[in-house]
Amino acid sequence: MRNITVAAAQLGPIQKDDSRQAVVARMIDLMDQAKAQDVDLIVYPELALTTFFPRWYHEDVAETDIWFEREMPNAATRPLFERAIAHGMAMNFGYAELTPEGRRFNTAILVDREGQIVGTYRKVHLPGHGEFDPERAFQHLEKRYFEPGDLGFPVFDFLGGTFGMCICNDRRWPETWRVMGLQGVEMVVLGFNTPSVNSQDAEENLERRLFHHKLSVQAGAYQNATWAVAVAKAGVEDGHPLFGGSIIVNPEGEIVAETQTEDDELLVHTCDLDATTFGKKTMFDFSRHRRPEHYGRIVAQTGVERSPD
Ligand code: ING
(Lines give C-alpha, C1' and ligand atoms only; values in the text may rest on other atoms or scores of the structure.)
Protein backbone atom coordinates (compact mmCIF):
# COMPACT_ATOMS: atom_id res chain seq x y z
CA MET A 1 0.00 0.00 0.00
CA ARG A 2 1.09 3.54 -0.78
CA ASN A 3 -1.52 5.59 1.04
CA ILE A 4 -1.84 9.32 0.45
CA THR A 5 -4.49 11.21 2.37
CA VAL A 6 -5.72 13.92 0.06
CA ALA A 7 -8.04 16.86 0.68
CA ALA A 8 -10.16 18.54 -1.95
CA ALA A 9 -10.41 22.09 -0.59
CA GLN A 10 -13.37 23.57 -2.39
CA LEU A 11 -13.64 27.35 -2.19
CA GLY A 12 -16.92 29.21 -2.16
CA PRO A 13 -17.25 32.40 -4.18
CA ILE A 14 -14.58 35.10 -4.28
CA GLN A 15 -15.98 38.54 -5.06
CA LYS A 16 -14.22 41.16 -7.14
CA ASP A 17 -13.49 43.24 -4.07
CA ASP A 18 -12.20 40.41 -1.86
CA SER A 19 -8.53 40.83 -1.03
CA ARG A 20 -5.90 38.15 -1.60
CA GLN A 21 -5.31 38.26 2.17
CA ALA A 22 -8.94 37.38 2.89
CA VAL A 23 -8.86 34.49 0.42
CA VAL A 24 -5.57 33.17 1.77
CA ALA A 25 -7.06 33.27 5.29
CA ARG A 26 -9.89 31.02 4.06
CA MET A 27 -7.40 28.69 2.40
CA ILE A 28 -5.39 28.48 5.63
CA ASP A 29 -8.55 27.69 7.59
CA LEU A 30 -9.24 24.75 5.26
CA MET A 31 -5.60 23.71 5.59
CA ASP A 32 -5.88 23.65 9.38
CA GLN A 33 -9.01 21.48 9.11
CA ALA A 34 -7.08 19.19 6.78
CA LYS A 35 -4.18 18.95 9.21
CA ALA A 36 -6.60 17.74 11.90
CA GLN A 37 -7.41 14.85 9.53
CA ASP A 38 -3.75 14.03 8.78
CA VAL A 39 -3.89 15.19 5.20
CA ASP A 40 -0.72 14.79 3.10
CA LEU A 41 -1.81 16.83 0.09
CA ILE A 42 -4.39 19.62 -0.14
CA VAL A 43 -5.81 20.57 -3.54
CA TYR A 44 -7.37 24.01 -4.16
CA PRO A 45 -9.21 25.27 -7.27
CA GLU A 46 -8.20 26.98 -10.49
CA LEU A 47 -7.48 30.73 -10.06
CA ALA A 48 -7.85 30.15 -6.33
CA LEU A 49 -6.74 33.61 -5.24
CA THR A 50 -9.23 35.77 -7.14
CA THR A 51 -12.67 35.94 -8.62
CA PHE A 52 -13.02 34.26 -12.03
CA PHE A 53 -11.99 37.50 -13.78
CA PRO A 54 -12.23 36.22 -17.40
CA ARG A 55 -15.94 36.96 -17.14
CA TRP A 56 -15.06 40.68 -17.26
CA TYR A 57 -14.13 42.34 -20.56
CA HIS A 58 -11.28 44.82 -20.66
CA GLU A 59 -10.25 46.34 -23.95
CA ASP A 60 -6.76 46.86 -22.56
CA VAL A 61 -5.41 43.53 -21.32
CA ALA A 62 -3.01 45.37 -18.98
CA GLU A 63 -6.05 46.38 -16.93
CA THR A 64 -6.22 42.77 -15.77
CA ASP A 65 -2.75 42.97 -14.22
CA ILE A 66 -4.34 43.26 -10.77
CA TRP A 67 -5.53 39.64 -11.07
CA PHE A 68 -2.08 38.25 -11.90
CA GLU A 69 0.82 37.12 -9.68
CA ARG A 70 4.31 38.21 -10.75
CA GLU A 71 6.07 35.86 -8.36
CA MET A 72 5.18 32.83 -6.27
CA PRO A 73 5.19 32.81 -3.35
CA ASN A 74 4.59 36.53 -2.89
CA ALA A 75 3.53 38.74 -0.01
CA ALA A 76 -0.08 37.61 -0.17
CA THR A 77 0.56 33.88 -0.47
CA ARG A 78 3.59 33.56 1.81
CA PRO A 79 1.40 32.89 4.87
CA LEU A 80 -0.16 29.95 3.02
CA PHE A 81 3.28 28.52 2.21
CA GLU A 82 4.41 29.06 5.79
CA ARG A 83 1.40 27.25 7.20
CA ALA A 84 1.86 24.39 4.74
CA ILE A 85 5.50 24.05 5.82
CA ALA A 86 4.48 24.14 9.50
CA HIS A 87 1.98 21.35 8.83
CA GLY A 88 4.37 19.42 6.58
CA MET A 89 1.58 19.38 4.02
CA ALA A 90 1.95 19.36 0.24
CA MET A 91 -0.40 21.50 -1.84
CA ASN A 92 -1.67 22.35 -5.29
CA PHE A 93 -3.44 25.55 -6.31
CA GLY A 94 -4.07 27.63 -9.39
CA TYR A 95 -3.37 31.30 -10.08
CA ALA A 96 -2.96 33.75 -12.93
CA GLU A 97 0.75 33.95 -13.75
CA LEU A 98 2.44 37.02 -15.27
CA THR A 99 6.00 36.10 -16.16
CA PRO A 100 8.98 38.49 -16.10
CA GLU A 101 8.76 38.48 -19.93
CA GLY A 102 5.15 39.67 -19.72
CA ARG A 103 3.55 36.37 -20.70
CA ARG A 104 0.24 35.40 -19.12
CA PHE A 105 -0.77 31.88 -18.21
CA ASN A 106 -3.51 30.13 -16.25
CA THR A 107 -1.16 28.20 -13.99
CA ALA A 108 -1.16 25.54 -11.28
CA ILE A 109 1.71 24.47 -9.04
CA LEU A 110 2.64 21.42 -7.03
CA VAL A 111 4.31 22.37 -3.75
CA ASP A 112 6.08 19.78 -1.62
CA ARG A 113 5.93 19.38 2.17
CA GLU A 114 8.89 21.76 2.54
CA GLY A 115 7.19 24.54 0.62
CA GLN A 116 9.23 24.08 -2.56
CA ILE A 117 7.49 24.42 -5.90
CA VAL A 118 8.38 21.13 -7.58
CA GLY A 119 5.93 21.22 -10.48
CA THR A 120 4.37 23.85 -12.69
CA TYR A 121 1.55 23.37 -15.18
CA ARG A 122 0.10 25.98 -17.56
CA LYS A 123 -3.43 25.40 -18.86
CA VAL A 124 -3.38 24.09 -22.41
CA HIS A 125 -7.07 24.05 -23.36
CA LEU A 126 -8.29 27.62 -22.93
CA PRO A 127 -12.05 27.78 -23.44
CA GLY A 128 -14.11 30.73 -24.49
CA HIS A 129 -13.20 33.56 -26.84
CA GLY A 130 -10.78 36.42 -27.36
CA GLU A 131 -13.09 39.31 -28.26
CA PHE A 132 -16.20 40.72 -26.63
CA ASP A 133 -19.15 38.53 -27.66
CA PRO A 134 -22.51 40.33 -27.46
CA GLU A 135 -24.35 37.07 -28.20
CA ARG A 136 -23.37 35.52 -24.86
CA ALA A 137 -25.22 35.98 -21.59
CA PHE A 138 -21.80 36.58 -20.02
CA GLN A 139 -18.22 36.61 -21.23
CA HIS A 140 -15.58 33.88 -20.95
CA LEU A 141 -12.42 35.63 -22.09
CA GLU A 142 -9.70 33.15 -21.26
CA LYS A 143 -8.46 33.27 -24.86
CA ARG A 144 -8.01 37.03 -24.44
CA TYR A 145 -6.18 37.04 -21.14
CA PHE A 146 -4.00 33.90 -21.33
CA GLU A 147 -1.83 32.18 -23.88
CA PRO A 148 -2.00 28.38 -24.17
CA GLY A 149 0.33 26.60 -21.80
CA ASP A 150 3.81 25.86 -23.13
CA LEU A 151 4.82 23.05 -20.78
CA GLY A 152 2.72 20.15 -22.05
CA PHE A 153 1.38 17.71 -19.47
CA PRO A 154 4.39 16.71 -17.38
CA VAL A 155 4.21 14.28 -14.47
CA PHE A 156 6.22 14.54 -11.27
CA ASP A 157 7.70 12.13 -8.74
CA PHE A 158 5.89 13.39 -5.69
CA LEU A 159 4.89 11.95 -2.30
CA GLY A 160 6.11 8.52 -3.36
CA GLY A 161 3.99 8.42 -6.50
CA THR A 162 3.54 9.87 -9.98
CA PHE A 163 1.44 13.03 -10.04
CA GLY A 164 0.09 15.22 -12.82
CA MET A 165 -1.99 18.36 -13.10
CA CYS A 166 -4.50 19.87 -15.45
CA ILE A 167 -6.92 22.76 -15.15
CA CYS A 168 -10.67 22.95 -15.61
CA ASN A 169 -11.52 22.72 -19.32
CA ASP A 170 -8.56 20.35 -19.82
CA ARG A 171 -10.55 17.69 -17.98
CA ARG A 172 -13.04 17.44 -20.85
CA TRP A 173 -10.33 16.38 -23.34
CA PRO A 174 -9.24 12.73 -23.33
CA GLU A 175 -5.88 13.76 -24.78
CA THR A 176 -5.06 15.51 -21.47
CA TRP A 177 -5.54 12.32 -19.50
CA ARG A 178 -3.89 10.01 -22.01
CA VAL A 179 -0.72 12.09 -22.28
CA MET A 180 -0.33 11.77 -18.51
CA GLY A 181 -1.52 8.16 -18.55
CA LEU A 182 1.28 7.38 -20.99
CA GLN A 183 3.72 8.64 -18.34
CA GLY A 184 2.24 6.34 -15.70
CA VAL A 185 0.32 8.98 -13.78
CA GLU A 186 -1.20 7.74 -10.51
CA MET A 187 -2.99 10.88 -9.35
CA VAL A 188 -4.22 13.83 -11.40
CA VAL A 189 -5.12 16.97 -9.46
CA LEU A 190 -7.17 19.72 -11.03
CA GLY A 191 -9.13 22.80 -10.12
CA PHE A 192 -12.06 24.28 -11.97
CA ASN A 193 -14.41 27.28 -12.23
CA THR A 194 -17.46 26.17 -14.17
CA PRO A 195 -20.47 28.41 -14.68
CA SER A 196 -23.76 26.79 -13.59
CA VAL A 197 -25.44 28.08 -16.74
CA ASN A 198 -24.36 27.87 -20.36
CA SER A 199 -23.74 31.38 -21.74
CA GLN A 200 -24.81 30.14 -25.21
CA ASP A 201 -27.72 27.87 -24.22
CA ALA A 202 -29.97 29.15 -21.44
CA GLU A 203 -31.98 25.89 -21.60
CA GLU A 204 -29.11 23.66 -20.53
CA ASN A 205 -29.73 22.64 -16.93
CA LEU A 206 -27.30 22.31 -14.05
CA GLU A 207 -27.87 18.57 -13.81
CA ARG A 208 -26.48 18.02 -17.31
CA ARG A 209 -23.54 20.36 -16.71
CA LEU A 210 -22.60 18.45 -13.55
CA PHE A 211 -23.00 15.22 -15.50
CA HIS A 212 -20.54 16.36 -18.18
CA HIS A 213 -18.06 17.36 -15.48
CA LYS A 214 -18.26 14.04 -13.66
CA LEU A 215 -18.37 12.00 -16.85
CA SER A 216 -15.13 13.61 -17.98
CA VAL A 217 -13.24 13.16 -14.73
CA GLN A 218 -14.53 9.63 -14.12
CA ALA A 219 -13.70 8.55 -17.67
CA GLY A 220 -10.24 10.08 -17.48
CA ALA A 221 -9.52 8.29 -14.22
CA TYR A 222 -10.86 4.92 -15.35
CA GLN A 223 -9.33 4.89 -18.81
CA ASN A 224 -5.90 5.67 -17.42
CA ALA A 225 -6.19 3.81 -14.11
CA THR A 226 -5.41 6.89 -12.05
CA TRP A 227 -6.84 8.68 -9.05
CA ALA A 228 -8.34 12.08 -9.84
CA VAL A 229 -9.06 14.97 -7.50
CA ALA A 230 -11.22 17.71 -9.04
CA VAL A 231 -11.85 20.82 -6.97
CA ALA A 232 -14.31 23.63 -7.60
CA LYS A 233 -14.45 27.28 -6.97
CA ALA A 234 -18.20 27.48 -6.47
CA GLY A 235 -21.12 29.69 -5.60
CA VAL A 236 -22.27 33.08 -6.84
CA GLU A 237 -19.35 35.35 -7.78
CA ASP A 238 -20.35 38.91 -8.58
CA GLY A 239 -23.80 37.67 -9.58
CA HIS A 240 -22.53 34.75 -11.67
CA PRO A 241 -23.10 31.19 -10.36
CA LEU A 242 -20.38 28.53 -10.49
CA PHE A 243 -21.24 24.94 -9.62
CA GLY A 244 -19.66 22.86 -6.83
CA GLY A 245 -19.41 19.12 -7.36
CA SER A 246 -15.82 18.70 -6.21
CA ILE A 247 -15.00 15.00 -6.42
CA ILE A 248 -12.35 12.44 -5.62
CA VAL A 249 -12.42 9.58 -8.12
CA ASN A 250 -10.69 6.22 -7.79
CA PRO A 251 -8.83 4.38 -10.58
CA GLU A 252 -12.00 2.42 -11.39
CA GLY A 253 -13.68 5.72 -12.23
CA GLU A 254 -15.92 5.67 -9.16
CA ILE A 255 -16.61 8.79 -7.11
CA VAL A 256 -15.45 8.11 -3.55
CA ALA A 257 -16.15 11.57 -2.12
CA GLU A 258 -18.17 14.55 -3.28
CA THR A 259 -18.92 18.00 -1.84
CA GLN A 260 -22.48 18.93 -0.88
CA THR A 261 -22.29 22.72 -0.83
CA GLU A 262 -21.17 25.66 -2.96
CA ASP A 263 -19.09 27.08 -0.11
CA ASP A 264 -15.68 26.50 1.41
CA GLU A 265 -15.82 22.75 2.08
CA LEU A 266 -13.22 20.09 2.71
CA LEU A 267 -13.35 16.52 1.37
CA VAL A 268 -10.82 14.07 2.72
CA HIS A 269 -10.02 10.62 1.39
CA THR A 270 -7.12 8.20 1.80
CA CYS A 271 -6.00 6.99 -1.62
CA ASP A 272 -3.82 3.93 -2.14
CA LEU A 273 -1.64 4.69 -5.16
CA ASP A 274 -1.13 0.94 -5.59
CA ALA A 275 -4.83 0.73 -6.50
CA THR A 276 -3.77 2.03 -9.91
CA THR A 277 -1.72 -1.09 -10.64
CA PHE A 278 -4.55 -3.47 -11.52
CA GLY A 279 -5.97 -1.32 -14.32
CA LYS A 280 -2.50 -0.47 -15.61
CA LYS A 281 -1.63 -4.18 -15.87
CA THR A 282 -4.90 -5.43 -17.36
CA MET A 283 -7.45 -3.52 -19.46
CA PHE A 284 -5.29 -0.43 -19.75
CA ASP A 285 -1.88 -2.05 -20.16
CA PHE A 286 -1.00 0.44 -22.87
CA SER A 287 2.12 -1.34 -24.11
CA ARG A 288 0.13 -4.48 -24.95
CA HIS A 289 -3.13 -3.03 -26.20
CA ARG A 290 -2.68 0.39 -27.78
CA ARG A 291 -2.52 0.68 -31.59
CA PRO A 292 -0.91 4.06 -32.23
CA GLU A 293 -0.50 3.29 -35.94
CA HIS A 294 -4.22 4.08 -36.15
CA TYR A 295 -4.14 7.20 -34.01
CA GLY A 296 -2.29 9.55 -36.38
CA ARG A 297 -5.24 11.91 -36.73
CA ILE A 298 -5.08 12.66 -33.02
CA VAL A 299 -1.91 14.68 -33.52
CA ALA A 300 -2.15 15.46 -37.25
CA GLN A 301 -5.32 17.59 -37.21
CA THR A 302 -7.45 19.77 -34.95
CA GLY A 303 -10.79 20.12 -36.75
CA VAL A 304 -12.83 17.46 -38.54
CA GLU A 305 -11.28 16.31 -41.83
CA ARG A 306 -12.08 13.44 -44.16
CA SER A 307 -8.80 13.44 -46.05
CA PRO A 308 -7.35 9.95 -46.61
CA ASP A 309 -5.12 8.60 -43.85
N1 ING B 1 -14.29 26.75 -17.36
C2 ING B 1 -15.15 26.00 -18.24
C3 ING B 1 -15.13 24.48 -18.15
O4 ING B 1 -14.73 23.79 -19.07
C5 ING B 1 -16.43 27.01 -19.98
C6 ING B 1 -15.22 26.39 -19.60
C7 ING B 1 -16.38 27.98 -20.92
C8 ING B 1 -17.62 26.68 -19.43
C9 ING B 1 -17.50 28.59 -21.32
C10 ING B 1 -18.73 27.27 -19.81
C11 ING B 1 -18.68 28.26 -20.73
O12 ING B 1 -15.63 24.00 -17.17
C13 ING B 1 -12.94 26.83 -17.29
N14 ING B 1 -12.49 27.63 -16.29
O15 ING B 1 -12.17 26.28 -18.05
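In helix H1, the buried residues are Arg20, Val23, Val24, Met27, Ile28, Leu30, Met31 and Ala34. Viewed down the axis of H1, these buried residues fall within an arc of 165°, so they line one face of the helix. The opposite face, turned away from the buried side, carries the exposed residues Gln21 and Ala36. All of this describes a predicted model.

**Helix H1 and its surroundings**

H1 covers residues 20-36. Its 17 residues, at 1.5 Å a residue, should span 24 Å. The C-alpha atoms at its ends are 24 Å apart, which agrees with that expectation. After H1 comes Asp38, which has a positive phi, near 60°.

What covers the buried residues of H1? Helix H2 (78-87) takes part, and the cover also includes the strands E1 (3-10), E2 (41-43), E3 (68-69), E4 (90-98) and E15 (265-272).

**The six-stranded sheet**

Elsewhere there is an open sheet of six strands. Its order is E7-E8-E9-E10-E13-E14, and the pairing is mixed. Which strands form the edges? They are E7 (155-158) and E14 (255-258), and each pairs on one side only. On average, neighbouring strands of this sheet are turned by 20° against each other, direction ignored.

One pairing can be followed in detail. Strand E10 (residues 227-232) and strand E13 (residues 247-249) run antiparallel and share three bridges. Val229 has Ile248, in E13, as its bridge partner.

Two helices meet these strands. Helix H5 packs on the sheet. Helix H4 lies across E7, E8, E9 and E10. The table sets out their contacts and angles.

| Helix | Residues | Strands met | Direction |
|---|---|---|---|
| H4 | residues 174-181 | lies across E7, E8 (161-167), E9 (187-192) and E10 | about 160° to E8 |
| H5 | residues 206-224 | touches E9, E10, E13 and E14 | about 25° with E13 |

**A residue in E8**

Thr162 has its place in strand E8. Is Thr162 buried or exposed? Its relative accessibility is 15%, and buried means under 20%, so Thr162 counts as buried.

Which residues does Thr162 touch, leaving aside those up to four places away in sequence? They are Val155, Phe156, Asp157, Gln183, Gly184, Val185, Glu186 and Met187. Among these, Val155, Phe156 and Asp157 belong to the edge strand E7 (155-158), while Met187 lies in strand E9 (187-192).

Notes. Residues are numbered from 1 along each chain as its sequence is written. This is a predicted model: local features need pLDDT of at least 70, side-chain atom pairs count only at pLDDT 80 or more; totals for chains, interfaces and linings use all residues. Side-chain values use heavy atoms; hydrogens and water are left out. Helices (H or I, at least four residues) and strands (E, at least two) are DSSP runs, numbered from the N terminus. The expected span of a helix is 1.5 Å times one less than its number of residues. Buried means under 20% relative accessible area, exposed over 50%, partly exposed in between (1.4 Å probe, protein chains only). The arc is that of the directions from the helix axis to the C-beta atoms. Contact means heavy atoms within 4.5 Å. Two strands pair if DSSP finds at least two bridges between them. Axes are lines fitted to C-alpha atoms, for helices over the stretch in contact, and angles run from 0 to 180 degrees between N-to-C directions.
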